[in-house]
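Colleague: Could you take me through one part of this model up close? I'd like to look at the largest pocket and what surrounds it.

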Amino acid sequence: MSRKDWLEYVVTDDEAGMSVEQIVRQKLNVSGRMLQRLTRSKGILLNRKTPFLKREVKAGDKVSVRVAENRTDTTLAVTETSVSLPVDILYEDDHLLIANKPAGMMVHPLRPGQKDTLVHALTALFQQRREPAGVHPVHRLDKDTSGAILIAKSSYGHQLADRLLREGGIHREYLAVVEGHLASDKGTIQALIGRDPHHPTRRRVSRNGDDAITHYEVEQRSKEHTQVRVWLETGRTHQIRVHFHHLGHPLVGDTMYEGSRAGMRRQALHASRLSFLHPLTGEEVQVSAPLPSDMKRLIEAIFTLEKSQD
């Protein structure tokens, strides 16, 4: 059972005799670090009373953990700029949120004083609502990649969603426009990705890199470009951009990886779809992020006008 501030678990007959700590760790999937925080803040209850963690439970007992964010843990400098930043929310419940991040917006602040990030915008939104929620991105999107990004609203939600991500339970799908004519209608790119020693932020395929697996399927072609649907098995920095550059088909607009502008001021990459089984309810969540206007214009220009000129 779940409510906004607390998660409640009813002990079954088979679980009688387990300790409160075992229930919290094994049945509610609370990490050791979070267990310590909850213990210090009296965020664990047995039948609405603070228990000893070693106390044995009986069938029918109710073990509760506080999952609402502590307000003092979510304090972030929010300005009028953050409040006015656009936040398109595609899905939200008490524990998770999916935002449609615009291109040009960073997810996290990377320098002191930066206040125009997605984290700031969502923090401002929660403060306007007077909601004690945090902003914990579960995965990353590059600054100039638009689309769906999963956010946990508490440390507990982040812990569960992060585990789901690491176990491959979150399906992330992208739409990209690449240069050239891909030889195969579908394929898998499996190539290690590491840092480029000659550039502070660029990545490259490297024998000393980390495992990276990208799947793709062609959606449409023109004389000089290919539109692909892409989904990830791993989540390395710049993974899609690096892998298609490695194939000799950089993304349109991705000048960092030798892509031509073709009317785009950024890489032609949009996180179009997220789907997963909710880690608390078990229900399937499927969300699609609409294409932004620059991607619509690009696709119209390439796959309609180019074809009409053939």
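Modeller: Here is a walk through the pocket, with a little of the whole chain before it and one further residue after it.

Keep in mind that this is a predicted model. The protein chain has 310 residues, and 48% of them are buried. Its secondary structure comes to seven helices and 15 strands, and the C-alpha trace spans about 75 × 45 × 40 Å along its principal axes. If you look at contacts with a separation of 6 or more, 64% of them join residues 24 or more positions apart. On the outside, the accessible surface is about 16100 Å², with 46% of that belonging to carbon and sulfur atoms. As for charge, there are 45 positive and 39 negative ones, and their mean positions sit 6 Å apart.

Now to the pocket. The largest one has a volume of about 1100 Å³. It is lined by 45 residues, and the closest to its centre are Arg 140, Leu 141, Asp 142, Thr 237 and His 238. So much for the centre; next come the elements around it. Helix H5 (155–166), strand S8 (170–179) and helix H6 (239–246) each put at least two residues into the lining. S8 gives the most, with four residues.

H6 deserves a look of its own. This helix is mostly covered, with six of its eight residues buried. The buried ones are Gln 239, Ile 240, Arg 241, Val 242, His 243 and Phe 244. If you're tracing a helix by eye, remember that an α-helix has 3.6 residues a turn, so residues three or four places apart point the same way. Go just past the end of H6 and you come to Gly 248, which takes a positive phi of about 90°.

One more stop, this time at Asp 88. You'll find Asp 88 in strand S4, which covers residues 88–92. Is Asp 88 buried, partly exposed or exposed? Asp 88 counts as partly exposed because its relative accessibility is 36%, and that class runs between the 20% and 50% cut-offs. Leaving aside residues up to four places away in sequence, Asp 88 touches Ile 98, Ala 99 and Asn 100. You can also check Asp 88 against Ala 289: the two are 201 residues apart along the chain, yet their C-alpha atoms are separated by 9.5 Å.

Terms used: Residues are numbered from 1 along each chain as its sequence is written. This is a predicted model: local features need pLDDT of at least 70, side-chain atom pairs count only at pLDDT 80 or more; totals for chains, interfaces and linings use all residues. Side-chain values use heavy atoms; hydrogens and water are left out. Buried means under 20% relative accessible area, exposed over 50%, partly exposed in between (1.4 Å probe, protein chains only). Contact means heavy atoms within 4.5 Å. Accessible areas come from the Shrake-Rupley method with a 1.4 Å probe; for residues, only the protein chains shown count as cover. Lys and Arg count as positive and Asp and Glu as negative; His and the chain ends are not counted. The place of a charge is taken as NZ of Lys, CZ of Arg, CG of Asp or CD of Glu. On a 1 Å grid over the protein atoms alone, a cavity is a set of points where a 1.4 Å probe fits but cannot get out, and a pocket is an open set with protein on both sides within 12 Å along at least five of seven lines; lining residues have an atom within 4 Å of a point. Grid points are joined across faces, edges and corners, and a volume is the space filled by probe spheres set on the points.
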